[in-house]
Amino acid sequence: MEGKYSSDPEWASIKPIPLNDGVESGAEPLATIAYAAEYLEATSYLRAVMAANEMSERALKLTEDIISMNPAHYTVWIYRAKILFALQKDLKEELEWLNGVSLKYLKNYQIWHHRQVLMSRKDFFPSPPPKEPDFLMEMFAQDCKNYHVWTYRHWYVRHFKLWDAPRETQDVQALLASDVRNNSAWNHRFMLRFGPRDDEPDAGMPNSSGGASEKGRLAVVDEDVVDAELKFAQSKIVRAPENRSPWSYARGVLRAAGRPLSEWKEFASKFVIESQGNVEVKSSHAVEWLADVFAEENGQEAVRMLTLLKEKYDPIRSNYWDYRIRSITAQEVSASA
Amino acid sequence: MTTVTFNRERHIKYFLRCLKTFLPSFYTSNDSNRMLLAFFTVAGLDLLGVLQSKTTPEERQGYIEWIYHCQVPTGGFRAFTGTDFGADNRTPENEAWDPANVPSTFFALVVLIILGDDLSRVKRTECLQWLPLMQRDNGSFGEVLGPEGNIEGGGDLRFCCFAAGTRYILRGKGETDVDGTRDINVENLAAFVQACQAYDGGMGEAPFCEAHCTAAVDSLYLAAGHTYCAMGALSFLSRMSKNQRPPPVLLPGAKEFESLIRWLVSRQTAELGEAEESDEEDSPEADEIQKPPTADEEFELNAGLAGLPSIAPPTEDSLRYAGFNGRCNKYADTCYSFWNMATLAMMDRLPLIDAARNRQYLLEKTQHIIGGFGKGVGEPPDLLHSYFGMVALAFQGEEGLDGVDPALCISHRAVRHLESLPWWGERA
């Protein structure tokens with residue numbers, strides 16, 4: 001059968017290498033796929049140019065063809081990058097092409113890694129390309145929690161040292177304004193405010209290699225930033241009290257500042273109103289917060305809060321709340337012994 | 001309420017179909033993950049206890065030959081035969097285009113173990129020499145070795161986990177050197193993994209990424225829960241160094257440990273993303289209360305607080321099905337039952353979940369009528385969700401399934417075979 005490549009004079013010099021699934025040597029192949037003839041042909045030409053280590057325009061076009069059928073092919077991307085560099089192609093054009101591919105295959109890991117590889121080239125991208133944040137927002141318009149895009153954006157901020165770039169905060173604000181439950185946006189905000197800067201190794205919390213008491217804590221705390229972030233979290237909690245994201249964010253902020261959870265005791269109490277033996281709850285996360293504060297001061301009260309979660313407001317986690325109750329009771333027993 | 005059942009016979013049919021017939025052509029985008037698909041197929045039948053009865057010894061030998069056919073001459077395994085341009089054509093200049101792949105090497109070894117192979121044809125020394133070449137200075141691992149010996153692929157937790165797992169399988173529980181082969185830098189790896197813990201207690205793909213429980217969002221491109229991978233890597237390391245104190249995140253009572261437990265149990269959710277709940281959004285419906293902005297923030301806060309309604313406790317009916325999500329404020333998905341439960345199992349805290357509601361979710365909402373499990377409610381089955389759905393049920397003792405080792409992700413029967421291998425016996 002005449003194929004796209006076998007009938008093309010441009011490819012006449014190449015002897016394709018067919019797929020060898022080991023059948024002739026006695027193998028019973030696993031996970032066999034009903035490949036389309038086009039894919040089988042294209043990949044047999046890919047193996048041939050790879051074996052020849054060919055750095056050419058036609059090989060570059062071939063990688064594009066393969067990517068359109070199997071964007072997760074891990075060596076074809078590395079091969080493509082090598083050809084681009086060898087032929088000294090304009091990486092800005094490559095980025096334009098990649099934008100289209102990214103919008104077509106939303107959940108792909110290799111695409112975003114390739115973007116990092118391109119963006120790391122200081123000769124083409126000595127500073128962040130002006131349209132980069134716009135493109136990332138276009139991606140978020142498709143899926144505002146796309147993990148690959150967020151992971152890339154995290155890398156991009158560190159690579160170009162953009163922690164304090166106004167655009168980063170603006171975009172986070174806009175995404176939170178359209179969905180206050182977007183935990184990815186909350187996480188990005190935390191990284192912008194409290195993430196390790198370029199003189200520190202990358203880590204998931206400030207001072208991640210510190211001991212138990214220092215881990216997650218900033219060496220130098222700007223109390224104004226901390227206060228502003230806590231206030232920001234409160235303003236978002238009031239609008240959606242059952243949204244866990246800002247409550248977690250506030251825990252992280254207090255930990256980074258080395259300040260206690262009890263600082264929010266009064267705020268949390270406003271969501272747990274007690275009158276004549278009745279408890280009116282406006283947020284289950286506030287009950288959890290109070291339980292954590294009480295665990296440090298008053299075991300009995302902590303158990304009362306945890307029981308409220310276990311029996312009434314969060315029964316899915318009743319085994320966990322029980323586990324917490326047991327650990328508090330055990331502490332009290334050992335303290336009184 | 002009708003009693004739900006695990007439809008073992010249908011699942012056996014599903015996995016046998018995947019084993020013995022061609023996967024449909026839409027799996028082409030997972031061609032480069034064939035080793036992973038092979039793992040799900042073989043491990044699924046093993047978990048169902050029918051691998052021996054439903055395949056012949058000749059077939060199993062043929063599968064073993066295929067895995068060895070995927071072994072790269074310089075050690076380690078490729079993820080699919082598609083990169084193989086022939087041993088005769090292979091040169092130091094082009095071998096980077098047909099490299100050994102870190103996750104696939106782990107899965108190839110595990111499939112061999114399940115099939116009862118003794119790993120005698122595994123290039124063990126070469127593979128153990130290749131592993132440290134895959135490690136970066138910051139402790140993380142890459143996916144493949146590219147041109148000029150560059151470590152290619154993101155420096156994320158998946159590669160850390162499968163590198164640590166490969167080392168575990170090939171070195172055994174002992175820590176002594178194999179034929180003087182240089183080991184990976186264990187301290188750097190452990191430090192990198194622990195640095196990935198985020199402010200909310202979970203683990204991100206890489207440091208400072210949002211805590212996450214899987215990367216296999218769309219199809220099966222490379223299955224991994226980052227939190228699972230982090231704890232898997234640390235578990236493999238600590239299984240091999242029994243005399244050392246485990247890292248804080250594996251130490252009950254430590255802040256790191258307890259905050260991760262909190263994060264993991266918080267993933268269980270009754271938000272299933274069913275059609276009637278929302279149209280197409282990929283996140284639970286917002287209960288946001290819209291307020292016009294005012295100049296006085298303090299006033300707005302207090303006014304907002306006073307006007308908030310109290311919440312009604314959830315009803316028993318609304319909580320009947322509770323699976324797991326992979327990130328805060330996302331819907332439940334079959335594979336997250338596995339990622340979260342396996343991690344809790346590694347931390348010896350599995351009883352903290354609500355097993356009954358998880359079972360209801362898996363069996364009534366994602367178990368498919370033709371066998372296998374789908375990703376979410378009403379979705380067609382695929383290999384990844386089918387295997388992980390079953391493993392999640394196996395963790396909670398579902399009848400008809402063997403028990404599973406949470407880190408190796410294979411049946412206890414297969415683990416016993418691994419532990420009978422020569423280099424395991426020597427140090428036992």
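In the predicted model, helices H7(A) and H9(A) are roughly parallel to each other, because the angle between them falls under the 35 degrees that bounds this class. The axes of the two helices, which span residues 147-160 and residues 183-194 of chain A respectively, come within 11 Å and cross at roughly 15°, and H7(A) passes H9(A) in a right-handed crossing. On the side of H7(A), the contact is formed by Trp150(A), Arg153(A), His154(A) and Val157(A), while H9(A) contributes Ser184(A), His188(A), Met191(A) and Leu192(A). By residue class, this contact of H7(A) with H9(A) comprises 4 nonpolar, 3 polar and 1 charged.

A second helix pair in chain A is formed by H4 (residues 91-104) and H5 (residues 109-119), whose axes lie 11 Å apart and whose packing angle is about 165°. Because this angle is over 145 degrees, H4(A) is roughly antiparallel to H5(A). The crossing of H4(A) and H5(A) is left-handed. The residues that make the contact are Leu91(A), Glu94(A), Leu95(A), Leu98(A), Val101(A) and Ser102(A) from H4(A), together with Ile111(A), His114(A), Arg115(A) and Leu118(A) from H5(A); they divide into 6 nonpolar, 2 polar and 2 charged.

Turning to chain B, the secondary structure consists of 16 helices and 4 strands. Of the 428 residues in chain B, 55% are buried. When contacts in this chain between residues at least 6 apart in sequence are considered, 68% of them join residues at least 24 apart.

The contact between the two chains takes 88 residues from chain A and 95 residues from chain B. On the side of chain A that touches chain B, the residues divide into 38 nonpolar, 30 polar and 20 charged.

In soluble globular proteins, nonpolar side chains tend to be buried together. In the present model, the largest nonpolar core holds 205 residues, among which Val42(B), Val111(B), Cys160(B), Ala233(B) and Val391(B) touch the most other members. Val42(B) may be followed in further detail: when its neighbours within four places in sequence are left aside, Val42(B) is in contact with Leu51(B), Tyr63(B), Val111(B), Ile114(B) and Leu115(B) of chain B, and also with Leu30(A) of chain A. Val111(B), one of these partners of Val42(B), is itself listed with Val42(B) among the core residues that touch the most other members.

Key:
Residues numbered from 1 in each chain as written. Chains lettered and ligands numbered in written order. Predicted model: local features only at pLDDT ≥ 70, side-chain atom pairs only at ≥ 80, totals over all residues. Core = buried A, V, L, I, M, F, W, Y, C linked by C-beta atoms within 7 Å. Buried ≥ 20, exposed ≤ 12 C-beta atoms within 10 Å, placed from the backbone. Contact = placed C-beta atoms within 7 Å. Axes fitted to C-alpha atoms, helices over the stretch in contact; angles between N-to-C directions. Parallel < 35°, antiparallel > 145°, perpendicular 65-115°, else oblique. Left-handed = near helix turned anticlockwise from the far one by under 90°. Nonpolar A, V, L, I, M, F, W, Y, C, P; charged D, E, K, R; others polar.
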